[in-house]
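This report examines the interior, the surface and the charged pairs of one protein chain. Please keep the sequence and the model in view while reading.

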Amino acid sequence: MVKFYESSFSYDYPFPAVSLAYFLRYPNPYAKHVLSTDVIDRHFDSDNQRLHTTRLHLKRSKLPPTVLKLLPKGILGSNSDSGQSYILEKSVVDVKEGWMTTETRNLEWTGILSVVEKQSYKRPTQENGLDCDGTSNEAQNGTTDVKTSTTFVSRFGQGGPRTARRKAEVTHASSESAVEVPDDVQPKKGFLSSWSTSSLQRTIEAIGMRRTREALLKSKDGMNVVLGRLRSGGLVEVLEGMRKDREAMYGPEGPWKRTWKQGKGIEDDK
């Protein structure tokens with residue numbers, strides 16, 4: 001089963017500011033669940049003047065309780081209690097043409113729900129890209145259009161090629177050595193067996209879509225905070241705001257030293 005969700009909106013800031021704020025958006029007051037961001041690859045293509053970046057975000061995240069109730073106990077193993085998940089992000093920026101494309105996808109629990117979000121950021125232009133006075137539209141209106149397209153795919157209850165082969169082998173063996181079963185003997189059905197696989201998948205995808213709508217609103221609010229700092233005080237204010245947000249989330253020591261102290265059994269100073 002597959003579900004799609006699309007939305008469009010605009011930032012009241014020019015494209016150069018929006019594309020810069022995108023890479024500086026964590027941490028912010030609306031993204032306290034983001035623990036870290038690491039650049040794992042970045043290169044500039046001199047042939048087409050485009051910047052390619054791959055980043056890995058570590059976020060504090062768990063499957064929604066409504067989804068957990070649908071799953072058999074133990075299906076997630078220890079991952080269900082870790083409270084953290086990785087998000088892979090890829091982006092391409094073309095400052096000259098004025099567009100940026102991004103793609104993010106979850107790396108955890110993909111067998112239950114895979115979420116792929118694609119966004120395109122563009123500065124609005126007329127057919128010739130210029131106004132009648134020769135100035136760019138970007139300089140006139142200072143806006144950036146954003147289109148978001150999210151795909152939800154749940155494969156819960158489906159097996160891979162190995163599972164398919166096993167099912168085929170079992171079916172073949174059963175056909176060769178069939179055993180008669182009395183009509184009055186019926187297998188017991190549990191809670192999950194009363195649901196079809198497609199019903200479970202649709203329910204999981206619907207829950208994921210609802211959470212994505214809420215997350216997009218917070219993401220836009222967080223970007224507007226960074227853009228406001230960039231407009232009022234430039235990069236210096238953005239970095240200072242990031243420092244304050246990090247301290248508000250983890251204290252002056254930061255998240256990793258706090259984790260190290262907890263692992264060593266060291267209590268925080270009073």
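The text below treats the nonpolar cores, then a surface patch, and then the salt bridges of this predicted model.

**Nonpolar cores**

The largest nonpolar core has 20 residues, and Y11, V18, M100, Y121 and L227 are the members that touch the most others. Two or more residues of this core come from each of the elements β1 (2–11), α1 (15–23) and α5 (197–250). One of the core residues, V18, shows how such packing brings together parts of the chain. When its neighbours within four places in sequence are left aside, V18 is in contact with Y11, Y13, Y121, T144, M223 and L227. A second core, separate from the largest one, consists of nine residues, among them Y5, F152, F156 and L216.

**A nonpolar patch on the surface**

Nonpolar side chains are also found on the surface, where L20, L235 and L239 form a patch. Together these three residues have about 260 Å² of accessible area. L235 belongs to helix α5. Its relative accessibility is 44%, so L235 counts as partly exposed, since partly exposed residues fall between the limits of 20% and 50%.

**Salt bridges**

The structure contains nine salt bridges. Three of them are listed here, each with the distance between N and O atoms.

| Acidic residue | Basic residue | N to O distance |
|---|---|---|
| E89 | R25 | 3.0 Å |
| E103 | R105 | 3.0 Å |
| E103 | K118 | 4.0 Å |

Which parts of the chain does the pair of E89 and R25 tie together? E89 lies in strand β4 (residues 84–94), whereas R25 lies in the loop between α1 and β2 (34–45); the pair therefore joins parts that are 64 residues apart in sequence. Are these two residues buried or exposed? E89 has a relative accessibility of 0% and therefore counts as buried. R25, at 8%, counts as buried as well, because the limit for a buried residue is under 20%. Both residues also take part, with R55, in a network of salt bridges.

E103 forms salt bridges with R105 and with K118. The pair of E103 and K118 links distant parts of the chain, as E103 is in strand β5 (residues 99–106) and K118 is in strand β6 (residues 114–122), 15 residues apart. E103 has a relative accessible area of 22% and is therefore partly exposed. R105 counts as partly exposed at 31% relative accessibility, and K118 counts as partly exposed at 46%.

Notes. Residues numbered from 1 in each chain as written. Predicted model: local features only at pLDDT ≥ 70, side-chain atom pairs only at ≥ 80, totals over all residues. Heavy atoms only, no water. Core = buried A, V, L, I, M, F, W, Y, C linked by side-chain atoms within 4.5 Å. Buried < 20%, exposed > 50% of the residue type's maximum accessible area, 1.4 Å probe, protein only. Helix = DSSP H or I, 4+ residues; strand = E, 2+ residues; numbered from the N terminus. Contact = heavy atoms within 4.5 Å. Patch = residues over 30% accessible without salt bridge, like charges linked within 9 Å, V, L, I, M, F, W, Y side chains within 5 Å. Areas by Shrake-Rupley, 256 points an atom, 1.4 Å probe, with all protein chains shown as cover.
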